[in-house]
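Q: I have a model in front of me and would like to learn how to read it. Where do we begin?
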Amino acid sequence: MNIYLPIAEISVNVFLLLGMGGAVGFLSGLFGVGGGFLMTPLLIFIGVPPAVAVATEANQIMAASVSGVLAHWRRGNVDFRMGGVLLFGGTLGSISGVWLFTLLRGLGQLDLVISLCYVVLLGVVGTLMFVESSRALFRRRRQIDVRRKLHQHHWMHGLPLKMRFRKSKLYISALLPILIGFVVGILAAIMGVGGGFIMVPAMIYLLGMPTSVVVGTSLFQIIFVTGTVTFLQATENQTVDAILALILLTGGVIGAQIGTRVGTRLRGEQLRILLAVLVLAVCGKLAYDLVVTPSDIFILGAPGEL
Amino acid sequence: MKLKRILLALAFFALAMPSAAQNPLIADLSEHQIQITTGFTGTQVLLFGTVEPDSDVVVVVRGPEEDTVVWRKARFAGIWVNDQRIVFRRVPSFFAVRSSAPLEEIASDTIRARHGMGANFLRLRPVEQTVSDTELAEFKAGLIRNKQREGLFASSDERINFLGGQLFRTRLFFPANVPTGFYDVEVFMLKDGRVEHAQTTPLIVSKAGLGADVFYFAHGYSAFYGLLAIVLAAAAGALAAFIFRKA
């Protein structure tokens with residue numbers, strides 16, 4: 001059964017979309033990742049214009065994050081103060097990101113930049129994940145426990161604008177979370193990702209936040225950043241396909257529930273290696289498409305270029 | 001039902017034949033409006049009519065014109081990037097030609113160029129010419145190839161069929177990605193290589209149903225659309241959390 005997507009302006013099989021939503025949702029439930037970084041390239045592979053894929057994914061991730069944050073909120077795992085500061089940076093980042101997106105679109109270089117960003121990001125994340133999980137798999141038995149110091153003093157503690165974050169038990173400069181939020185906001189606008197896979201490690205290793213509040217707080221900030229991106233993309237570029245987002249969402253919600261249940265019964269390291277291989281495969285396909293000699297060196301410009 | 005109507009019309013034309021002397025070319029479409037609904041996967045429209053005996057028929061379908069950007073890629077540091085672009089003015093977004101015999105046998109190049117019978121005979125002019133004539137020709141060929149790949153410049157070998165020498169019919173195909181707007185369907189009657197009569201029939205392609213509403217809402221009221229998209233996402237997320245609360 002085909003459906004004509006009004007904004008993407010292509011006709012796609014509904015079950016393919018539901019299946020994609022389900023599969024990516026399953027993975028996100030299994031691994032606790034957002035899945036935007038897999039869904040956007042998949043949408044591009046099936047022929048959705050990259051501009052529409054990115055903006056629509058922002059919309060879908062928002063919904064996924066809302067459903068995720070509610071559970072964390074109930075358990076009190078959201079640092080709203082930290083979330084607010086991240087969000088301030090995130091809003092600035094998403095405004096700049098959408099502006100950059102429109103600029104690149106006008107120059108005809110948007111698709112290239114989206115692909116390049118994905119190749120770099122998926123390459124780095126996939127490699128790190130692969131190395132980390134294969135190491136963990138080998139060292140399962142002989143675990144050496146290195147105690148970290150409770151408080152380490154770096155350069156970042158010398159920055160101005162210090163704020164107290166009670167829930168995260170931190171007294172640090174607001175500039176660093178603002179910067180992290182800013183970078184993630186740009187990524188959300190250009191790549192159609194929530195940015196959790198960058199923000200979560202940044203919060204743990206750069207800010208030193210307790211792991212218990214990291215996921216909830218990052219989801220909280222992602223809701224608002226993807227919401228801002230959705231709004232700006234809709235007004236600036238008219239590239240948000242709400243119908244596509246709803247179909248992906250339906251598949252995604254169901255897939256995520258199954259994924260979460262399956263995930264509790266399987267071993268983490270092997271799963272993470274699988275995810276790493278998957279991420280690297282998507283990265284490889286995108287890189288190959290950039291490097292391989294195209295069948296036709298002439299292509300038509302996208303609408304919005306004039 | 002539709003077929004019956006067409007057959008009736010054909011019968012009418014056949015009966016009216018003796019008086020067709022004043023009106024040597026009559027043609028019509030089975031439909032004048034194509035609606036892109038949610039389940040749209042492309043469609044076909046039947047073109048039919050009558051001409052005088054021993055004539056040839058050429059049909060040219062043109063979609064709404066739009067300025068079109070063509071990029072030539074080049075390799076930088078191993079990566080293929082969009083390098084140089086040319087904007088062509090008023091390119092038909094959709095283009096198809098049908099004829100009762102191979103075009104090169106029916107009409108001279110002059111005639112074909114005058115009436116745009118064939119993609120290679122379209123007048124494609126750049127907004128400003130920044131490259132040499134030979135390069136411009138490559139860009140033009142690239143434009144046509146891309147349009148053909150998208151199925152928008154139809155390169156079908158299907159012919160216009162004659163029934164009894166005067167009645168003709170052919171099916172025109174419109175793919176799922178057919179652009180919206182006003183189309184012109186031009187029917188030419190040729191005799192010995194000269195265009196004796198021509199008739200233009202309009203065809204409208206428009207979005208309809210839910211998809212159309214979403215599209216016009218998104219473009220006409222983009223701020224409201226953006227807000228609605230946010231509210232929908234939040235509601236869907238909350239609903240999902242509520243349904244799977246126990247898990």
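Q: In chain A, what share of the contacts with a separation of 6 or more comes from residues 24 or more positions apart?
A: First, remember that this is a predicted model. To read a contact, look at how far apart its two residues sit along the chain. In chain A, residues 24 or more positions apart make up 81% of the contacts with a separation of 6 or more.

Q: How many helices and strands does chain A have?
A: Count the elements along the chain. Chain A has 10 helices and five strands.

Q: What radius of gyration does chain A have, and what would a compact globule have?
A: Set the value beside the one expected for the chain length. For 306 residues, a compact globule would have a radius of gyration near 19 Å. Chain A has 20 Å, which agrees. Along the principal axes, its C-alpha atoms fill a box of roughly 55 × 45 × 40 Å.

Q: What percentage of the residues of chain A count as buried?
A: Burial is judged by counting neighbours: a buried residue has 20 or more other C-beta atoms within 10 Å of its own. In chain A, 49% of the 306 residues pass that test.

Q: How many residues does each chain bring to the contact?
A: Take one side at a time. Chain B brings 47 residues and chain A brings 46. On the chain B side, S5, S6, H4, H5 and H6 each supply at least two residues. H6(B) gives the most, with 15 residues. By class, that side has 28 nonpolar, 14 polar and five charged residues.

Q: In what order do the four strands of the open sheet stand?
A: Read a sheet from one edge to the other. Here the order is S5(A)-S5(B)-S6(B)-S8(B), with antiparallel pairing. S5 of chain A and S8 of chain B each have a single partner strand, so one side of each is left without a neighbour in the sheet.

Q: How many bridges join S5(A) to S5 of chain B?
A: Look along the pair. Three bridges link these strands in the antiparallel sense. A:Phe298 stands opposite B:Arg72 in S5(B).

Q: Which helix lies across these strands?
A: Look for an axis that crosses the sheet. Helix H4 of chain B, residues 133-149, lies across S5 of chain A together with S5, S6 and S8 of chain B. H4 runs at about 55° to S5(A).

How values were computed
Residues numbered from 1 in each chain as written. Chains lettered and ligands numbered in written order. Predicted model: local features only at pLDDT ≥ 70, side-chain atom pairs only at ≥ 80, totals over all residues. Pairing = 2+ DSSP bridges. Contact = placed C-beta atoms within 7 Å. Axes fitted to C-alpha atoms, helices over the stretch in contact; angles between N-to-C directions. Rg over C-alpha atoms; globule rule 2.2 N^0.38 Å. Buried ≥ 20, exposed ≤ 12 C-beta atoms within 10 Å, placed from the backbone. Nonpolar A, V, L, I, M, F, W, Y, C, P; charged D, E, K, R; others polar.
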